[in-house]
Amino acid sequence: MTHPQKVSLTGIKPTGSAVSVQDGGSVHLGNYLGAIRPALALAADYRCIYFIADYHALTTQRDANALRENVRDVAASWLACGLDPDKMLLFRQSAVIEVFELMWVFACIVATGQLERGHAYKDALAGGDSPNAGIFNYPLLMAADIILYDSEIVPVGLDQKQHLELARDIAVRMNHLYGEGTVVVPQPVVTEAPTVPGFDGRKMSKSYGNTIPLFLPSKALRSAIMKVKSDSTPMEDPKEPEGALVYDLYKLVATPAQQAELAVKLRAGNYGWGHAKQELYEVLEAQLAPLRERYQALRADPKQLDGVLEAGADKARVVARRTLDRVRAAIGID
Ligand code: ADP
Ligand code: TRP
């Protein structure tokens, strides 16, 4: 029997245009190795809460159908990758509307100057945009996401660190103004996940169009791997694996023994980059085929998927109401 553990919470933003199951879904290999796999590994030590930040996506998403589909796609992807809804919470941010009440409370104690210093807002201004108020207030909603569920640990990439610091400031200020213990003060944990390169060698990202979608059908996966950039060293010549893109990707998914074996073959010569790509494909296919099967089954049954998300929201709401009761009592609105 494990003891109640610390709460680790992460929001997942469903972004991008609508994608079809046949095209491999919206999640790519970089998301999987850099975010999903490490986040799921945390379940061994924490009580994990994952939610799909659909209202954060609304700051940039204008296509209702794409948003709807992306939420389902992200949920199906995380479940297919091994998120166990009996052990971890998974729900839509929008299903627990208590978050907006807490956000308002926070809006009333945060100086606008703090929001004006937000990276995302400043970048949008610098880019010549006229950012919407959602982008300006984005960090407030994020702080509410975190504090509503009594989160102690929030694992995020470096790009989210500033948001986390603001959430922490807000929690400290709440307790200072209204009494220690009003809210739990979260701790950012900057995750050191690998940066996965795309097939052109730049960071794999939807915005570069260089992704390998995680659930590509087997044949399409092979074609995508064959597109990984390599040089034109003749087949017979020895090749240096270190620094080669195929090998970099291989190292992220193969066992140390498999890596050593491939390095020997490349250095020996008479072994082309195409052969190495075939090895990469085979290792990936062995790991991803069972995930793909689960993903396709989940995407084929949206009712079941929505049911999982609803059940998660029901449990999340209990925690949310408890926090809000505490906050309302503290601020004098009870
Ligand atoms: P994209 O750049 O494709 O739009 P997102 O910004 O939606 O990806 O990223 C979602 C999550 O996946 C984030 O936690 C991010 O750190 C992680 N991630 C995205 N791309 C990579 C990558 N190439 N390598 C490692 N992690 C990544
Ligand atoms: N802003 C985060 C991102 O763009 C997503 C997010 C929303 C989040 N709410 C959160 C992350 C709360 C951690 C905690 O990736």
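This is a short tour of a predicted model, going from its two domains to the ligand.

**Stop 1: the two domains.** Start by colouring residues 7-196 together with 301-331, which the domain assignment gives as domain 1. Then pick a second colour for 216-294, assigned as domain 2. If you place a marker at the C-alpha centre of each domain, the two markers will sit 35 Å apart.

**Stop 2: where the domains touch.** Now select the residues in contact: 13 come from domain 1 and ten from domain 2. About 840 Å² is buried between domain 1 and domain 2, and carbon and sulfur atoms give 70% of that area. What will you find if you look for salt bridges across this interface? The count is zero. Polar contact between the two domains comes to one residue pair.

**Stop 3: the domain 1 side.** Stay at the interface and show α1 (29-41) and α3 (64-80), each of which supplies at least two residues to the side of domain 1 that touches domain 2. The largest share of that side is from α1, with four residues. Colour the side of domain 1 that touches domain 2 by residue type and you will see eight nonpolar, three polar and two charged residues.

**Stop 4: ligand 1.** Next, centre on ligand 1 and show the residues that surround it, including H28, N31, P194, T195, K203 and K206. Three distances deserve a label here:

- from a polar backbone atom of G30 to a nitrogen atom of ligand 1, 3.3 Å;
- from a polar backbone atom of V196 to a nitrogen atom of ligand 1, 2.8 Å;
- from a polar side-chain atom of S205 to an oxygen atom of ligand 1, 2.8 Å.

Note on methods
Residues numbered from 1 in each chain as written. Chains lettered and ligands numbered in written order. Predicted model: local features only at pLDDT ≥ 70, side-chain atom pairs only at ≥ 80, totals over all residues. Heavy atoms only, no water. Domains from an automatic or database assignment. Contact = heavy atoms within 4.5 Å. Buried area = accessible area lost by both parts, 1.4 Å probe. Salt bridge = Lys/Arg side-chain N within 4 Å of Asp/Glu carboxyl O. Polar contact = N/O pair within 3.5 Å; in protein donor to acceptor, adjacent residues only side chain to side chain. Nonpolar A, V, L, I, M, F, W, Y, C, P; charged D, E, K, R; others polar. Near = heavy atom within 4 Å.
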